[in-house]
Structure formats: structure tokens, C-alpha cells
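Work through the following exercises with the sequence and the model at hand, and attempt each task before reading the solution that follows.

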Amino acid sequence: SVMATPRADDWSWFPALALGVSFLKCILINAYHSTDFEVHRNWLAITHSLPVSKWYHENTSEWTLDYPPLFAWFEYSLSHVAQHFDKEMLVVQNLLYTSPATILFQRLSVIVTDIVFIYAVKEEEKGSKDLLGHPFFILAALLLWNFGLLIQGRHLEGALLFTVLLNLKHIYLYIAPAYGIFLLRSYCFTEDNTDGSVRWSSFSPVRLVALGSIVISVGALSFGPFIAMGQLPQVLSRLFPFKRGLCHAYWAPNVWALYNMVDKALSVLGVRLKLLDVAKLPKASMTGGLVQEFQHSILPSVSPSITLICTLLSIMPAVLSIWCRPRGARGFLRCLVVCALGSFMFGWHVHEKAILMAILPFSILAVESREDAGIFLMLTTTGHYSLFPLLFTAAELPIKVLLMLLFTLYSFTSLKKLFRGSLLNPLETTYLLGLVAVEILCEVVYPLSPWQHTMPFVPLLVTSVYCSLGVCYSFIRLYVSLLRQHGTDKHKQL
């Protein structure tokens, strides 16, 4: 866990933990699998069976290839192992193919990859005595979470691995502003003024060229073949599918979930008061559970450009803050969290799992400050609960509840012990206890009600809107903390 950093002599428990987690995953091999299972089976089939020129054109399945090319090459390499398990999974036309061998391969590909993750976490021990003394450990935590890579604290290695990461999964564009500005400010400018501001005369063109060369080289390896084939626009259209609509079928708990809810409430109220004509309302319903474009009924509809502007405005103060006063690893980490959370709050078609990009790095800040610890507990509890609808079968209910309870209890007890006292006020505690009521309503009460058949979307709606309140509250508190810190710096200058 990144929550607390053990001393070097406390790592004797780690092999047992790693082995236990791997065994647990082996036990769950035959458990429920989501649509992502078919997504990756289809991508294995596409990259194995078709020429490169058709990878980003193939559309037999609705789950078309929409990750950057570097990830497509990763799928291509996996497919050569997959063929030894079951060649039928690599046939593009075999939609929803779930043979026992296919399931086994998909599960083992994750479990075996965890070996790299486990090794990387063990390597973390070497720098665990001064966690925030090395800015690039922060990205290491993200990389460990996603691909098991480790950054040792060197700028160029950090730039290389982050660029690789970005070309594997473009969702990391969320944190690219924080990382790019920090690298430019801390590496390309070699000295600061006495007040901590940038010394423009210390700019190093050689270092900028070195960073630029790394970014361009990785990008060229990833996108180069498709640029040569004149397919860059097609690839980009897959990576950024704006026609999928403002929100996922299950709304991510952000500002737009609340916006949608207000619009829905106003439209229902307008119809009941006979102020609106049902026939004239938009037919594409945002509560229909479909991934599509839709028009709001009362409030102005939101376009991709609006979400981009809102996102940039939300992260701008944090980015400017680390440009003016980098404040080392802590400043970078706070900016990274704000960028991840700001993009989650205001982005277009945000996936609900993207909340983890803010929660994970924030766990490092949580052990450094009482205020951050309180915000972290609100965000992590609400954010983790918001992912419950992704595991919706009865068999997974006790597993997800137990895992969340274990993590939540550990987080609360360890942080309370660290800071010696309660970290939440009564209102915050009441809100988090409300999650229990939401779970009982959605999992027990509502399925027994007659509305379950006529309005099946209500549990998802309630979960999304309730969690949106907690996530928005956490974002506001984080922002107030950032602005207060910026104001303190200005006061010190005066």
C-alpha cells in the first residue's frame, strides 16, 4: 500500500502478501468478467489476424480498437501466446467467445504481469525512507498501478517512461500538464531565484532538446507506421470518439452527473406542471443506459469544447502554481492530483474508473498532512464505492463489500493513529454513513420494488448522483487547500 511506507526491516511480510494476492486472483479465475473481457479478446483477434493497415478500421465488434498504437503492439505480442491456449479466440468474427481456455489465458495474462508489478513494488523499498524526497516516485506509483514500471528519480528516465505510459493508455493525458510543466520547470531551468521563482537565464536548450527527443522518439515508434500509411486521422478518431456522448452509460460521479440530474428533474417537473410538451423533448435519453450523444431537455447541452475549456480552467491554477513555485515533490504531487481530479470532474465521456488516477497519488499526500488526510478519506471512500456498479452480479457482492470494508477500515484507523484524532467533521461522517443507506437501497430494497422493471436505471442514478456530491466536495476542499497555500507563498514574499 502507498498509504504508509514501511521501514526497510518491515518488508518481511511482503512476499507472503504478494503470494496471497496472486492465489486470491487464481481462485477468482472463473468469476464474473466484464465487457472489458470481450474488448481485449477482440483486440487480440484484430492485431493477430489482420494486417496493421486494418487495425484501426476493423469494426465487426462494437468494441473497436481505441487505445494508442503502442498498446495495440502489446496486444499483438500477447496474441502469439494466446494462440497456444485457443486459436478460436483470435478469430475476429467469434464475438463474445468465452471458452475455458480463453478465460484462463485472459486471467493468467493479468496474474503473470503482476510479477513485474510485485518486483517493482519491492524495488520501492530502496527509496522508502524518503518517499517524497524523490519527485518521480509519484509517477512510479502510477506506473506501478498500471504497468509495473518503476522510476528511479531521474528526469530523463521519468520522461521516457511517462511517454511510454501515455502511448499505452492515453487517459494519462489527464496528468500530462502536471508532468510536462514540472519537467520543463525543474529540468530545463537549472536554477531558481532566491525567492523560488524561475531564473530565466538558467534555461538549458540542450536539456529541452533531450526531453523533446525522448517524447518524439517514443511517439514516432508508436504512431510512425500509421502516419506513414496516412492513417493518423483514423487513429485519432478512435482515440477521441466524441460521438459517444458527454457521459458513460453509468455516469461517472462528477459535475456532469449533477448537471444531468438537474436537467432531468427540471424536465420531469416541467412535464408534470404541463409547462413542457413530452413530444417535443429530445428522444435520446441520458438515463437510457446507452452510450450515445444526447441533448439536454432544459439546460444548455454540453459540447466537447465546453468540457475542454472547463477542464483547462480547473487545472490552470495548479499548473501555474508549480511553474511559479515548484515546491519539489509535494508541489508536483498536489498539482498531479488536481489535474487528475479536474479532468475527471469536467472531462468529456469520462470513465468512472478514472477516479483511481486521483486517489492513488493522493494517498501519498494523505500521510503528510491532517487536512489532506481528511480530504483523502472522503475521496477514496466515495470514489471506491462509486465503482460498485461495475461489479453488479450477486456473486461479486460480498467480495466487493468485504474488500472495500477492509481498505476503508485500514485507511481510517491508520490515518487516525498517525494524526491522533478524528479527521472528519460530523457532516462528512454522516455523508459517508449515507453510503451504507444507498447500498441497502440499491441492492436490497429497490430490486424488490415494482419500479425495478419499469425504471431499472434508478439505482445507477442514485449511486452516481450521491457519489458526485462527495467527489465534488473533495475537489472543492482540495482546491481551497491549493489556493490557501498559494496565498501563503505570496504573503511570505511580501
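**Exercise 1: a buried asparagine**

N42 is buried, with a relative accessible area of 1%, where buried means under 20% relative accessible area, exposed over 50%, and partly exposed in between (1.4 Å probe, protein chains only). The model is a predicted one, in which local features need pLDDT of at least 70, side-chain atom pairs count only at pLDDT 80 or more, and totals for chains, interfaces and linings use all residues. Residues are numbered from 1 along each chain as its sequence is written, and side-chain values use heavy atoms, with hydrogens and water left out.

Task: place N42 in its helix, and find which residues N42 is in contact with, leaving aside neighbours within four places in sequence.

Solution. Begin with the secondary structure: N42 lies in helix α2, which covers residues 35-49; helices (H or I, at least four residues) and strands (E, at least two) are DSSP runs, numbered from the N terminus. Next, list the contacts, that is, heavy atoms within 4.5 Å: once neighbours within four places in sequence are set aside, N42 touches S61, W63 and V92. Finally, look at the polar end of the side chain, where a polar atom of N42 lies 2.9 Å from the backbone oxygen of W63.

**Exercise 2: the chain as a whole**

Task: state how many helices and strands the chain has, and what share of its residues count as buried.

Solution. The secondary structure comes to 18 helices and zero strands. Of the 494 residues, 45% count as buried. For the surface, the chain exposes about 24,400 Å², of which carbon and sulfur atoms supply 69%; accessible areas come from the Shrake-Rupley method with a 1.4 Å probe, and for residues only the protein chains shown count as cover. For the contacts, among those with a separation of 6 or more, 72% are between residues 24 or more positions apart.

**Exercise 3: salt bridges across the sequence**

Task: find which residue forms a salt bridge with D36, which with R334, and which with E428.

Solution. Side chains of opposite charge can pair when their charged atoms come close. The criterion here is a side-chain nitrogen of Lys or Arg within 4 Å of a carboxyl oxygen of Asp or Glu, and the structure holds eight such salt bridges.

- D36 pairs with K353, the closest N and O atoms being 2.9 Å apart. Because D36 lies in helix α2 and K353 in the loop between α12 (328-346) and α13 (356-366), the pair ties together parts that are 317 residues apart in sequence. D36 is partly exposed at 32% relative accessible area, and K353 is partly exposed at 33%.
- R334 meets D372 with an N to O distance of 2.6 Å. This pair links distant parts of the chain, with R334 in helix α12 and D372 in helix α14 (residues 370-385), 38 residues apart. R334 is buried at 8% relative accessible area, and D372 is buried at 2%.
- E428 forms a salt bridge with R477, the closest N and O atoms being 2.8 Å apart. Since E428 lies in helix α16 (residues 426-445) and R477 in helix α18 (residues 458-493), the pair ties together parts that are 49 residues apart in sequence. E428 is buried, at 4% relative accessibility.

**Exercise 4: cysteines**

Task: determine how many disulfides the structure holds, and why C442 and C467 form no bond.

Solution. A disulfide is a pair of cysteine sulfur atoms within 2.5 Å, and the structure holds zero of them. The sulfur of C442 has its closest cysteine sulfur in C467, at 9.1 Å, and because of that distance the two are too far apart for a bond. C442 is buried at 12% relative accessibility, and C247 is buried at 5%. Turn then to C472, which is found in helix α18 and is buried at 12% relative accessibility. Leaving aside neighbours within four places in sequence, C472 is in contact with N254, V255, L258 and M345; C472 and M345 are 127 residues apart in sequence, yet their C-alpha atoms are 7.5 Å apart in space.

**Exercise 5: a nonpolar patch**

Task: identify which helix gives the most to the nonpolar patch.

Solution. The patch, of about 640 Å², is made by L24, I27, L28, I399, L402, L403 and L406. Patches are made of residues with over 30% relative accessible area and no salt bridge, like charges being joined within 9 Å and nonpolar side chains (Val, Leu, Ile, Met, Phe, Trp, Tyr) within 5 Å. Two helices, α1 (14-27) and α15 (397-419), each supply at least two residues, and α15 gives the most, with four. L28 is found in the loop between α1 and α2 and is partly exposed, at 31% relative accessible area.

Terms used
A polar contact is a pair of N or O atoms within 3.5 Å; within protein, one must be able to donate a hydrogen and the other to accept it, and residues adjacent in sequence count only if both atoms are side-chain atoms.
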